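Hi,

Here is the structure I promised to pass on. Have a look at it first, and then read my notes underneath.

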Amino acid sequence: MAKKGAGCKNRAVRLGIIGDPVAHSLSPRMHQAAMSALKITGTYELLPTPAEALAGRLAEVRESYQGVNVTVPHKVAASGLLDELDQRAASIGAVNTIVNRGGRLIGYNTDAPGFYWALERAGLTPGEALVLGAGGAARAIVYELVSRGWLVAVYNRTPSRAQQLVEQLGGWAVVAGKLEKAVKETPLLINATSVGLGDPEASPLPAGVLPERGAVVDIVYEPRETRLLREARQAGLKTLDGLEMLLGQGVLAFELWTGGPAPAEAMRRALLGGE
Ligand code: NAP
């Protein structure tokens, strides 16, 4: 991923994040730390953008930014307004990273490989996984797992969305009556719903329903240890929190913008509040 960047040598770079809201985003902290570590001069700006202003914002990006991230609620809408999409972003139907190459805006999805980057760093290798959720993040995760040879089951509160997702991207849907058995028997459980976000007592599963062995990943990162992860840790399962995926997508986005390796450890320290 590091070869075709917009290039950041010998000039100030201008990066940012488009979303609504964006004030809470940890990305400025992470990318500013990356620029400092590599002695790149530049800014990473918060770009609050209501839906009706998205096209105008993208015109500004074309004019004066090397690249931007895209977050809620624009990941799908932005993908239809760019000059080109890479194959992964086109298959997932969402972009979270845009690179400006000489005035052409190219859309990428680094949520998907960023999630996988974190999984690999945690030592998890292809096998069976159960994904909870069928929204944008779940689509990215299922796409990446399936394309890397995992066998993927998907459960979602609204069953029709899970069915649609697996028809488009692969894997199979789990119905509510079979969920508990599927959780127990699958060695990798991934929460890709928004349940737990901002609420340390909320969980997408009833208390005590956990895999009998293996690992649990929660992509929610606020709080960092969700109730699901706490219960998994207490049950002796390996756990991986959402900050690692956030870091992974940031590392891969930074490499697309700069064309060189990202300083992952400096970025992690910044996310953890260490700098
Ligand atoms: P989304 O498109 O809005 O999807 C939300 C998903 O959560 C849907 O599957 C929805 O089910 C489910 N859900 C919501 N409330 C629920 C409830 N009370 N009970 C059961 N299921 C519920 O959101 P998204 O963009 O996929 O994001 C999902 C989460 O991932 C968010 O918390 C986001 O912050 C996090 N995220 C983290 C990273 C990272 O880097 N760590 C990256 C992207 C996203 P229905 O279909 O039934 O509505």
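Below is what I found when going through it, part by part.

One thing before the details: this is a predicted model, not an experimental one.

**The sheet**

A good place to start is the open sheet of six strands, which pair in parallel and come in the order E9-E8-E7-E10-E11-E12. At the edges you'll find E9 (172-173) and E12 (238-240); each has a single partner strand, so one side of each has no neighbour in the sheet. E9 is joined to E8 (residues 151-155) by two bridges, in the parallel sense, and there Ala-153 sits opposite Trp-172 of E9. Helix H9 (residues 227-234) packs on this sheet, where it touches E10 (188-191), E11 (215-218) and E12. The direction of H9 makes about 165 degrees with that of E11.

E10 is worth a closer look. E7 (residues 128-132) pairs with E10 over three bridges, again parallel, and E10 is joined to E11 by four bridges, also running parallel. You can follow Asn-191 across: Leu-132 has Asn-191 as its bridge partner in E10, and Asn-191 in turn has Asp-218 as its partner in E11. As for side chains, Leu-188 and Ile-190 point one way from E10, while Leu-189 and Asn-191 point the other way; all of them are buried.

**The cores**

Leu-188 and Ile-190 turn up again in the largest nonpolar core, which has 59 residues. They are among the members that touch the most others, along with Phe-115, Leu-119, Val-131, Ile-141 and Leu-145. Helix H10 gives the most residues to this core, nine of them. Where does the core lie relative to domain 1 and domain 2? Domain 1 (13-109 + 248-271) and domain 2 (113-243) both give residues to it, so the core lies between them.

Take Ile-141 as an example: leaving out residues up to four places away in sequence, Ile-141 touches Phe-115, Val-131, Ile-190, Ala-192, Ile-219 and Met-245. Another core, of 17 residues, lies apart from the largest one and includes Leu-179, Leu-205, Val-209 and Leu-210. As background, nonpolar side chains in soluble globular proteins tend to be buried together.

**Around H10 and H11**

There is one aromatic pair. The ring centres of Tyr-44 and Trp-257 are 6.2 Å apart and their planes are at 55 degrees, so this pair counts as tilted. It links distant parts of the chain, with Tyr-44 in strand E2 (residues 42-48) and Trp-257 in H10 (residues 242-258), 213 residues apart. Both are buried: Tyr-44 has a relative accessible area of 3%, and Trp-257 is at 0%.

Ala-253 is in H10 too, and is buried at 0% relative accessible area. Setting aside neighbours within four places in sequence, Ala-253 is in contact with Asn-69, Thr-97 and Thr-110. Ala-253 and Asp-111 are 142 residues apart in sequence, yet 9.1 Å apart in space from C-alpha to C-alpha.

Finally, helix H11 (residues 264-271) is mostly covered, with six of its eight residues buried. Those are Ala-264, Ala-266, Met-267, Arg-268, Ala-270 and Leu-271, and they pack against H1 (27-37), H5 (111-121) and H10. Just after H11 comes Gly-273, with a positive phi of about 90 degrees.

Cheers

Methods
Residues numbered from 1 in each chain as written. Predicted model: local features only at pLDDT ≥ 70, side-chain atom pairs only at ≥ 80, totals over all residues. Heavy atoms only, no water. Phe/Tyr/Trp six-rings, centres within 6.5 Å; stacked < 30°, edge-to-face > 60°. Buried < 20%, exposed > 50% of the residue type's maximum accessible area, 1.4 Å probe, protein only. Core = buried A, V, L, I, M, F, W, Y, C linked by side-chain atoms within 4.5 Å. Domains from an automatic or database assignment. Contact = heavy atoms within 4.5 Å. Pairing = 2+ DSSP bridges. Axes fitted to C-alpha atoms, helices over the stretch in contact; angles between N-to-C directions.
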